[in-house]
Amino acid sequence: MTAKQHSTFQEYVFRLEVVSFVLTIGILFFATRFITGEIQANYVKIRQNDARKIGIILDGHLGKANEELTVFGSSSEEERSSRIVRELMVTFADIYLLDKNLSVEHVYKKSMHSRIFKGFTFAGSELEKLISGSEDGKSISSLVRGMENDRPSLYLAQKHNGNWLLGRVDMSSINQLVSQTAIFSDTPVLFLAHDGFVLATTHPELQLYSLDLNREKIEQGKSYIEAGNRRWLAIMARSDIFGKNIAVLVPLDLMNKTHNSLIILFALFVMILLTVSIIKHRSLRAKILQPLNSFTRQLSWVEKGDYQLPDEKSDLVFSELISLQSHFNTMAQSIKAREESLVNGREELRNEKELLSVTLRSIGDAVITTDISGNILTFNPVAEKLVCLDAASATGKPFDQIVSITDLSGQPVNNAFLQLFAQEITIEKSFEVFLVSRLKTRHRITCSRSPMLNNEGEKIGFVIAFKDVTREHELHQQLMHTQKMDAIGQLAGGVAHDFNNMLGGIMGAAELLKLDKNLSPQQEKTVNLIIQASLRAVELTSKLLTFGRKGKLVSTPISIIKVIQDTIDLLSRTIDKRITILSSFEDNHCMVVGDDSQIQNALLNLGINASHAMPTGGTLSFNVSKIFFDAETCKLSPFSLNPGQFIAIEVKDSGCGIPPENLARIFEPFYTTRDPGKGTGLGLAAVYGTVRDHHGAINVYSEVGIGTIFHIYLPASDSEGTAVPANEEIITGKGRILLTDDEEIIRITAQMMLESLGYEVLLAENGAKAVEIIKQQKERIDLVILDMIMPVMNGKEAFRLIRELYPDCRVVISSGFHKSEDLEEMKKTGLAGYIRKPFRKYELSQVVSEALKKG
Amino acid sequence: MMFNNYRRGRIWWVIALILIISVISVLVRFESRPAINVAIVTKLESGTVVGSSEINTALFFLENHPDCLINIVKLNDNWDATTSREVVSRSINNGIQFFILSTPSSAAVASLDLFTGRNDSQALNINTSATTNAMSGLDDNSFRIVPDVSIEQQNIASYIQTLPGQNILVIQDSGNQSYTDPAFETFSQEMQKFPDKVIKTVKTKVADFDLTVLEPAFSEKYDILYILAGSYQQVIGNIAQFSLQHKPNAPIIVTPWARTPSVLQTAGPAAEKIILPSQFPSRFEDEKIRNFLERFKKRFNYEPYSMSLGVYQALEILRKAFQSGHKTPETVKKFLEETKTFETSLGKVDFDKFGDQVAPLYFITSFRREFE
């Protein structure tokens, strides 16, 4: 269906002009016709009066003759004297006396020559009717072509006593009678036969021989005749004698002139009107239509975004149009400004959308927007990755169809959208659930959601954000584990430290007792038992300290055999007693360079895992051997190995085994097959990390129902490890020693030891006191023995201050629990020695002697 | 779109202007019909018997053929030879190339050289009334609808010969000797073939109706009266009635140029005795003639004269020539000579190689019935 066609204003105005023009012309035309008709009618009326005058003249002239004829006809033959006849012949050309047969009985002639002779009959001629119709005493006349001379003649017939009297009047005389009048008044008179033939006329030059016999037209004044190069109107003149046989021609020259003048006037008016219409139309077009068209063009420019508008006053004439142009320009400028603002707004919006899009793409969280019904509107890349589904496939689908949610216990949450997201909740509150992807991977996520509102505050959808906290949770768990381990380490360290102090006291006292010469063998044995027990306690605390020690990898030569032995020792105390722990060492010299605590932790983790796999007991064995890896083997290994000798540590259990599908993932952090809360999944990951950090390798072999074997390969070292003193020689000496320890028992026992060695001992219970004493005694202190962990000021701080005050002051650290990095740092800054508590006398004497030797 | 509106507006204005100009042209009676002038030369005078009949016949023709290219020019020669020549000459000079001469022989002869003495392409005429032999057998630009006087009189003589009676009184009109002299000559020559008929001739101007001449003529013995007069003179009827008074039984033969109802007005009872020779048959014997006469009378309220029928035929012939693309006297003449025979609505017209018609006469015996 095509659009409705509208006409233009110009067309409308044009049509209006044409219609008004036509109407005006029509009205004028009819008015002109009416006026000319009226003029003609009035003219005809006037002329009809003139015609009547002709009739009256004729009647007047012939009436007398008619009376005379009547008298003649009434007279007898004797009375018809020649004189009377002569008088009659003035008017009449012939008078006939007719018998009943209309034959001529007697002829009275004006001229001698006549074609009517005695015996001539009018029977059979057109006069027969005339003659027969006459009545006694009454005349009937007829204008016919005379039978005597072919000339027009008026016949008057009268009946007298059964006979007829027929008189003929020659029209030439009558013509002469009216000619002057006719010529003078310029109104030709036509004497007509009954058939319209012009028998006689006052104006023969007109060459009119007949008239239109539509007498009605003549009587209505509508019989127009062209004759003699003039136009006439034929009017019938009534005459009693001639009847309707007289036509008077009225000249229409004047009327024609008037008519022509009116026509010319009409034509001029038409031309003027046309000209005025054209001028008006052109003016209208120039002053109104073209400006309007210009507005239309300007509107189209504005529509296309072109705001270069003409000067508002240019070419405009009317204030309305100027005002319109002005307002239009203002409007255009407003539109332009708004459009620019809109463009800027759109640009900003576009930028914001781009920013939002980039943000959504860049954001680390999954952002899903839905409509009010839960159908997905947007699905950012993180959501795609999380759900393992592209945005195109997700958009438009119901949320629950795309996103699978389980609670933290693993139970699926049905209608998650309605239950979890489409709620009247505050924006900030978030919660954690699991999201199961299309590939069935599970992600721990925190969810936050917010309703989207329109300007009216109505909800139009939801924004749901998922934050994948899986890694965060793992890290948190790792942190928690680490912190737990740290706490345990701290606890262990603290306990060990205090325990060491106590042991130091016990051992020191026992040492001192042993110095007594008066001891019985039994007493000495008892003292030796005390010392032995104390040494075992020291080993145990040392292991605990090793377990709790944290910090960066310390690369020192360590004996794997010793580490394994320590590990077995710990495990035997902690795991199920129904598990038998075995060990075998192929070579007694199995040294590696690394961090003994980390290696011990790794072995402990393997042992603990093995114990978990044997809930009803079993066998756990640690086997150490040596193996050589060549370059080819190292190349094939997934670990970064250097060709050479390796220490192979086998940890084997007889547990339930690891299913093959889990074997590949056991070293993944947080991967666990245990129930949630029962395992962090970090143990084996830590083992893996430790092995890697030691440039080693690890692999596992397991059979379900049989057991599991872990092989750890560590690069072998040729180092001998930390040297144990070759003897228990007690070295005496001289000097002033400042002993600093917060434990009183240590101070007492150590003082007694030193004094027994020949030294002078000053005591301080904390670092601050020691510094104070040094300040007081500065030149007189040969050696300062500092405990590390002390209240008020610890050993590290005291060492720093002492070295600041007296850079050459000799300091030895005595401690049962310390950070190895602290010790290394202090060594770099001039520490003279270190002795681990609890110490024996000979250990103390050797360390003091060594330290005093240093300058 | 605006340009189209603008153009449409212009077109409207152009149309309006054209309409106005057309209206004005009509108002000022502007005509541009490329008509061909055909002059009808006859006696145009109020009250005359003839003249108006030919003009009205021409008008009647144009009304019956509105698509005709012919424009009628009326020329009055008063049936006078001198006037006729002047009028024709002037008209030829004014560019009129085609004439229908409805004039007596005297006038026709007077103008003859205007059609033969000049360049042949100047003018052409068709004569409807002149029977003079002076026009016969000439290769000129003149064609005749009517047979010449020789053929006419031969026919009349042959007819009279069949009538009973021996003595023939011939009243020869001396008022038109150019016609009656050669007519009588031919008649008398023809009558010599019939020695049993005796001819007595009285030469008089019939228009005068001189009883001093007629009385003694009609007093003598005769069996057949032959009024040798033309010009449609009404007096023929008077003469006939006068003859009836003297010789009630004698048939009265008139010429074809008495075929006019005005004769009936004056013939009275003598009409029963009148025998009318005519180039056209009685209306009661020819439907076409009857139809034409009735339509003419209905239109103009009077009967046309026989010459008028010839005028109508002449116009039909010219129309045919013009429609065939012949618009000069030379080409029309050639067309007429080559075509020779024309079937007109009023009968056949046969031209011989000289443009004369050879056709028999019809003898109408019921004069009154013919014109009542």
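Start by selecting the five strands of chain A that form an open sheet in the order 7-6-10-9-8, with antiparallel pairing. Strand 7 (198-201) and strand 8 (223-227) of chain A are the edges, and each has a single partner strand, so one side of each is left without a neighbour in the sheet. Turn the view a little and look at the twist, which averages 35 degrees from one strand to the next. Keep in mind as you go that this is a predicted model.

Now pick out strand 9 (residues 230-239) and strand 10 (residues 243-251) of chain A, an antiparallel pair joined over seven bridges. One residue to click here is Ile235(A), whose bridge partner in strand 10 of chain A is Val248(A). Next, add helix 1 (residues 9-74) of chain A, which packs on the sheet and touches strand 6 (189-192), strand 9 and strand 10 of chain A. The direction of helix 1 of chain A makes about 50 degrees with that of strand 9 of chain A.

**Into the core**

Keep Ile235(A) and Val248(A) selected. Both are among the residues with the most contacts inside the largest nonpolar core, which has 168 residues. Add Ala247(A), then cross to the other chain for Tyr226(B), Ile227(B) and Ile236(B), which also belong to that group. If you colour helix 12 (residues 306-323) of chain B, you'll have the element that gives the most to this core, with 10 residues. There is also a second, separate core of 42 residues, and Ile558(A), Ile560(A), Phe629(A) and Val691(A) are included in it.

**Where the chains meet**

Show both chains together. Here 35 residues of chain B are in contact with 37 residues of chain A. On the chain B side, the elements giving two or more residues are helix 1 (2-27), helix 2 (52-64), helix 9 (235-246) and helix 10 (261-267) of chain B. Which of them gives the most? That's helix 1 of chain B, with eight residues. Colour this side of chain B by class and you get 15 nonpolar, 18 polar and two charged residues.

**Zoom out**

Time for the whole chains. Chain A has 23 helices and 28 strands, and of its 855 residues 35% count as buried. Chain B has 14 helices and 13 strands, and buried residues make up 50% of its 372 residues.

**A helix to check**

Go back to chain A and select helix 19 (residues 744-757). Its 14 residues should span 20 Å at 1.5 Å a residue, and the end C-alpha atoms are 20 Å apart, which agrees. Its buried residues are Ile746(A), Arg747(A), Thr749(A), Ala750(A), Met753(A), Leu754(A) and Leu757(A). Just after helix 19 of chain A comes Gly758(A), with a positive phi near 110 degrees.

**Three backbone stops**

Most residues other than glycine have a negative phi, and most peptide bonds are trans. With that in mind, try Cys388(A), where phi is near 60 degrees. Cys388(A) sits in the loop between helix 8 (381-387) and helix 9 (391-394) of chain A. Is Cys388(A) buried or exposed? With 12 other C-beta atoms within 10 Å, Cys388(A) is exposed.

Jump to His695(A), where phi is also positive, near 60 degrees. This one is in the loop between helix 18 (683-693) and strand 22 (697-703) of chain A. His695(A) has 17 other C-beta atoms within 10 Å and is partly exposed.

Finish at Lys837(A) and Pro838(A), which are joined by a cis peptide bond with omega about -10 degrees. Pro838(A) is in the loop between strand 28 (833-836) and helix 23 (841-853) of chain A.

Definitions and conventions:
Residues are numbered from 1 along each chain as its sequence is written. Chains are lettered from A and ligands numbered from 1 in the order in which they are written. This is a predicted model: local features need pLDDT of at least 70, side-chain atom pairs count only at pLDDT 80 or more; totals for chains, interfaces and linings use all residues. Helices (H or I, at least four residues) and strands (E, at least two) are DSSP runs, numbered from the N terminus. A residue is buried if 20 or more other C-beta atoms lie within 10 Å of its own, exposed if 12 or fewer, and partly exposed in between; C-beta atoms are placed from the backbone. The expected span of a helix is 1.5 Å times one less than its number of residues. Two strands pair if DSSP finds at least two bridges between them. Axes are lines fitted to C-alpha atoms, for helices over the stretch in contact, and angles run from 0 to 180 degrees between N-to-C directions. Two residues are in contact if their C-beta atoms, placed from the backbone, lie within 7 Å. Ala, Val, Leu, Ile, Met, Phe, Trp, Tyr, Cys and Pro count as nonpolar, Asp, Glu, Lys and Arg as charged, and the others, Gly among them, as polar. A nonpolar core is a set of buried Ala, Val, Leu, Ile, Met, Phe, Trp, Tyr and Cys residues joined through C-beta atoms within 7 Å.
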